[in-house]
Amino acid sequence: MLHFLQANWVTIVTLLVLALIVFLAIRKVVKDKKEGIGACGRKCSSCPHACSCAKNK
């Protein structure tokens, strides 16, 4: 097992970093959705294009 970790530590670290980035991205999307922030990055209630937004269709 130790030999496997020594031989593949770069791959393991890279996968862990990628997994962390994906986790943080998903968490941000969920948080924004709960706060009512649309895909454009604004709150839909203050958006001048709210009536034509894809979210409302």
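This briefing describes the fold, surface and side-chain contacts of a single chain. The model is predicted. Its secondary structure amounts to one helix and zero strands, and 9% of the 57 residues of the chain count as buried. One salt bridge is present in the structure.

**Helix α1**

- Helix α1 covers residues 2–35.
- The 34 residues of α1 should span 50 Å at 1.5 Å a residue, and the end C-alpha atoms lie 46 Å apart, which agrees with that expectation.
- A kink of about 70° interrupts α1, with its centre on Asn8.
- Gly36, which comes just after α1, adopts a positive phi of about 80°.

**Surface**

- The chain has an accessible surface of about 5,200 Å².
- Carbon and sulfur atoms account for 70% of that accessible surface.
- A nonpolar surface patch of about 680 Å² is formed by Trp9, Val10, Val13, Leu15, Val17, Leu18 and Ile21.
- Ile21, one of the residues of this patch, is placed in helix α1.

**Salt bridge**

- The salt bridge pairs Asp32 with Lys28, and the closest N and O atoms are 3.0 Å apart.
- That distance satisfies the criterion for a salt bridge, because a side-chain nitrogen of Lys need only be within 4 Å of a carboxyl oxygen of Asp.
- Both partners belong to helix α1; because Asp32 and Lys28 are four residues apart there, about one helical turn separates them.
- Asp32 has a relative accessible area of 16% and is therefore buried, the cut-off for this class being under 20%.
- Lys28 has a relative accessible area of 49% and so is partly exposed, since the exposed class requires over 50%.
- The bridge thus joins a buried residue, Asp32, to a partly exposed residue, Lys28.

Conventions. Residues numbered from 1 in each chain as written. Heavy atoms only, no water. Patch = residues over 30% accessible without salt bridge, like charges linked within 9 Å, V, L, I, M, F, W, Y side chains within 5 Å. Areas by Shrake-Rupley, 256 points an atom, 1.4 Å probe, with all protein chains shown as cover. Helix = DSSP H or I, 4+ residues; strand = E, 2+ residues; numbered from the N terminus. Buried < 20%, exposed > 50% of the residue type's maximum accessible area, 1.4 Å probe, protein only. Expected span 1.5 Å × (residues − 1). Bend = angle between axes of the 7 residues up to and from the residue.
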